[in-house]
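Welcome to this short tour. Open your viewer, get ready to select a few residues, and follow along stop by stop.

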Amino acid sequence: MPRFSLIVPVYKVQDYLTECLDSVLGQDGPDLELIAVDDRSPDGCGALLDEAAAADPRVRVLHLPENVGLGRARNAGLDVATGDYVLFLDSDDTLTPGLLKAIDERLAATGDPDVLVYDYARTYADGRITRAASAHVFGAASPDVFDLDARPDLLDLLQVVWNKAYRRDFVTEQRLVFPAGYYEDTPWTYPALLAAGRITLLDRVGVHYRQRQEGGNILATASRKHFDVFAQYDLVFDFLDRRPDLDRWRPVVYGRMLHHLNTVVSKPGRVLSGDRREYFRRAAAHCARLRPAGYRPPAGVDGMRTELLGHGRYGAYQAVRALAKARRIVKR
């Protein structure tokens with residue numbers, strides 16, 4: 001049984017795939033299996049994966065009969081994973097050298113916790129590498145092993161699946177799976193962190209997160225699929241409904257949800273202009289249903305924006321944004 005299962009869903013990344021695979025297979029340290037899931041990619045990715053599998057017995061390739069999307073492709077990899085720990089990597093990103101050895105050493109030193117969290121850096125076409133703004137979270141004083149009550153600031157991190165190692169038995173116990181649609185990391189990462197009894201941190205950049213110039217990030221593409229964010233948070237709160245022992249986290253998760261909903265609608269090029277009023281109506285109905293009694297909005301402009309969004313006040317929200325933009329211009 002390998003120590004690590006690396007699950008890599010693959011779709012339309014022919015120019016980056018070899019670098020991604022090499023970053024995994026070139027790791028030193030513990031045994032690993034690389035499960036590459038060809039999500040019916042229409043380019044040459046399938047052939048590249050087969051070549052990698054022929055050259056290295058640690059590579060297993062799954063060719064899906066139809067395109068199912070990122071989340072379900074990851075599920076296909078999970079179904080055949082055999083490692084003690086599972087990690088996910090997007091196929092245009094790379095692991096940093098020595099990561100798996102460092103993770104293995106940290107896991108051994110902390111008694112194989114449920115989840116290990118590491119950091120990432122953004123990489124750009126001009127060669128720049130910029131560590132994420134979350135570096136201070138990893139540098140803060142912390143117990144070696146803890147649950148979320150000791151470090152609630154972990155929920156302030158970008159809630160992605162690919163900056164963590166998950167004990168596979170824990171994944172099975174919690175029945176963690178990915179849904180279809182955009183923002184599929186959300187109903188995985190929140191339940192994983194909330195349910196984990198033992199978490200540890202590795203203060204190290206583990207993933208180079210490629211910032212593609214040609215629009216490779218589907219979340220930066222205008223589409224009605226961004227409305228999927230509402231269904232994904234329904235799954236998070238469904239999980240909390242099943243776990244009354246975690247009820248104290250409802251106000252925190254609700255606040256993070258509002259922040260996320262605001263990010264989706266405020267980022268240019270995501271929600272189409274003709275869909276924005278509908279997005280606000282959906283947000284108002286969604287928040288009215290899920291708003292917990294103990295929630296208190298944050299102070300300042302950010303809190304004002306999220307409250308206006310949560311109550312569907314589209315006109316007032318636009319006015320606050322315009323005022324903030326004007327102030328920035330005057331300040332410059």
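Which helices do the buried residues of α9 pack against? Keep in mind that you are looking at a predicted model. Select α9, residues 250-266, and then show its surroundings: the buried residues of α9 pack against α7 (186-195), α8 (228-242), α10 (276-290), α11 and α12.

Stay with this helix for a moment. α9 has 17 residues and spans 24 Å from its first C-alpha to its last, close to the 24 Å expected at 1.5 Å a residue. Because 12 of those 17 residues are buried, α9 is largely enclosed by the rest of the structure. Try colouring some of the buried ones, including Val253, Tyr254, Met257, Leu258 and Leu261.

Next stop: the second largest pocket, with a volume of about 360 Å³. Select Gly255, Arg256, His259, Pro298 and Thr306, which lie closest to its centre among the 17 lining residues. The elements giving two or more residues to this lining are α9, α11 (300-310) and α12 (314-331). Which of them gives the most? It is α9, with eight residues. Sorted by class, the lining of this pocket holds five nonpolar, six polar and six charged residues.

Finally, select the cysteines Cys20 and Cys45. Why is there no bond from Cys20 to another cysteine? The closest cysteine sulfur, in Cys45, is 10 Å from the sulfur of Cys20, too far for a bond. The count for the model is zero disulfides. Cys20 is buried, at 0% relative accessibility, and Cys287 is buried too, with a relative accessible area of 2%.

Technical notes. Residues numbered from 1 in each chain as written. Predicted model: local features only at pLDDT ≥ 70, side-chain atom pairs only at ≥ 80, totals over all residues. Heavy atoms only, no water. Disulfide = S-S within 2.5 Å. Buried < 20%, exposed > 50% of the residue type's maximum accessible area, 1.4 Å probe, protein only. 1 Å grid on protein atoms, 1.4 Å probe; cavity = no way out; pocket = protein on both sides within 12 Å on 5 of 7 lines; lining within 4 Å. Points joined across faces, edges and corners; volume = space filled by probe spheres on them. Helix = DSSP H or I, 4+ residues; strand = E, 2+ residues; numbered from the N terminus. Nonpolar A, V, L, I, M, F, W, Y, C, P; charged D, E, K, R; others polar. Expected span 1.5 Å × (residues − 1). Contact = heavy atoms within 4.5 Å.
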